[in-house]
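Good morning, colleagues. I should like to take you through one protein model, from its overall composition to some individual side-chain pairs. Please keep the display in view as I speak.

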Amino acid sequence: MWVERLARGIGELAQIVDGARDRVLDQVSQLMVRHVPECSAALVVVWRDTHPEERDPSVDFKGRHVVVDYAASHSDLATAFEYQYETGQGPTVQAVRERHTVVVADILRDERWPEYPSMAVQCGDHSSITYPCDLDGEILTLGVHSCRGNRLSPDTMVLPLAMLAEHVVTTLRSLGRDADALREAVHMRRAMSARTVIDQAKGILMHARGLTSQQAFEELRKVAQRNGMKVADVAQQLMAEQALSNGRR
């Protein structure tokens, strides 16, 4: 049974990755692609709720969750997730925001996020199931994705995903709370630094080309996708080129 094989593989990760949580997430995403039927890509994200004291379901939680760390089995899926995080649209951000499983049977027929389908299709993400669960005050989202529509059945997939998520949580806990706290601080600084660089690069494009914030992000994303890079790396490169240009004046 694929669920049992995958659960065993996840359980063994704490012993083979030297206690590094980011490596655990990377390996989990690769194991999911290898073992889950019809899964062509996988996304594992650890989130932090910036306002955990507010649990009123009527409160809009948009923008309150920040990424502590994540792993995508493929770079295209990472690009799609970065777009979700930037725009607040898509299945992964909805799963963490509303704390329930989000199923996308066919993104081309899904009307929940008007701006996301075109991005998803460009990145080969046609269907997905994203399951959220608690992780010691944080939130873990486990997502299986397919490059074809109507390939992931919630009837046969949600329960195994819930079981696998618990295995991932158990494995992450076993890495040690003190070590986790240190790594989380590093990852949070990295995420914040990346967001700052992206915002600065967007400002350059907005000023130079008269673009809106969203249009500037789209320009960065297109360059990243075309060159197989992350948006943050493209932004960093643009900042370096700008600094070099200013130095020549």
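Let me begin with a definition: a residue is called buried when its relative accessible area is under 20%, exposed when it is over 50%, and partly exposed in between, using a 1.4 Å probe and protein chains only. Helices (H or I, at least four residues) and strands (E, at least two) are DSSP runs, numbered from the N terminus.

Two remarks on the source are also due. This is a predicted model, in which local features need pLDDT of at least 70 and side-chain atom pairs count only at pLDDT 80 or more, while totals for chains, interfaces and linings use all residues. Residues are numbered from 1 along each chain as its sequence is written, and side-chain values use heavy atoms, with hydrogens and water left out.

With those terms in hand, consider helix 4. Its buried residues are Leu-77, Ala-78, Thr-79, Ala-80, Phe-81, Glu-82, Tyr-83, Gln-84 and Thr-87. The helix covers residues 75-87, and its 13 residues should span 18 Å at 1.5 Å a residue; the end C-alpha atoms are 18 Å apart, which agrees. The expected span here is 1.5 Å times one less than the number of residues. Just after helix 4 comes Gly-88, with a positive phi of about 75°.

Now to the overall composition. The protein has 10 helices and 5 strands. Of its 249 residues, 47% count as buried. The accessible surface comes to about 12,400 Å², and carbon and sulfur atoms hold 50% of that; such areas come from the Shrake-Rupley method with a 1.4 Å probe, and for residues only the protein chains shown count as cover. A contact means heavy atoms within 4.5 Å. Among the contacts with a separation of 6 or more, 61% join residues 24 or more positions apart.

I turn to the strands. Strand 1 (residues 41-49) pairs with strand 2 in the antiparallel sense over 7 bridges; two strands pair if DSSP finds at least two bridges between them. One of the bridge partnerships links Leu-43 to Ala-72 in strand 2. Why is strand 2 described as largely enclosed by the rest of the structure? The reason is that 6 of the 8 residues of this strand, residues 65-72, are buried.

Strand 4 (residues 127-135) holds Cys-133. With a relative accessibility of 8%, Cys-133 is buried. Beyond its neighbours within four places in sequence, Cys-133 touches Glu-138, Ile-139, Leu-140, Ala-165, Glu-166 and Val-169. Its C-alpha atom is 9.8 Å from that of Val-46, although the two residues are 87 apart along the chain.

Ala-105, by contrast, sits in the loop between strand 3 (102-104) and helix 6 (116-122). Its relative accessibility is 38%, so Ala-105 counts as partly exposed. Outside its neighbours within four places in sequence, Ala-105 is in contact with His-126, Ser-127, Gly-149 and Asn-150. Ser-127 lies 22 residues from Ala-105 in sequence, with 5.2 Å between their C-alpha atoms.

Next, the charged pairs. A salt bridge is a side-chain nitrogen of Lys or Arg within 4 Å of a carboxyl oxygen of Asp or Glu, and there are 9 of them by this rule. One of these joins Arg-48 to Glu-138, at 2.8 Å from N to O. Because Arg-48 is in strand 1 and Glu-138 in strand 5 (residues 138-146), this pair ties together parts 90 residues apart in sequence. Which partner is buried? Glu-138 is buried, at 6% relative accessibility, whereas Arg-48 is partly exposed, at 27%.

A second salt bridge connects Arg-112 and Asp-110, whose closest N and O atoms are 2.5 Å apart. Here Arg-112 is partly exposed at 38%, and Asp-110 is buried at 13%.

A third involves Asp-199 and Lys-202, at 3.9 Å from N to O. Both belong to helix 8 (residues 177-209), and being 3 residues apart, they are separated by about one helical turn. In this pair Lys-202 is buried, with a relative accessible area of 5%, while Asp-199 is partly exposed, with 40%. Elsewhere, salt bridges that share partners join Arg-21, Arg-48 and Glu-138 into one network.

Finally, the aromatic rings. Rings of Phe, Tyr and Trp (its six-membered ring) pair if their centres lie within 6.5 Å; planes under 30 degrees apart count as stacked, over 60 as edge-to-face, and the rest as tilted. The whole structure contains 7 aromatic pairs. One aromatic cluster is formed by Trp-47, Tyr-70, Phe-81 and Tyr-85. Phe-81 is also one of the buried residues of helix 4, where this account began.
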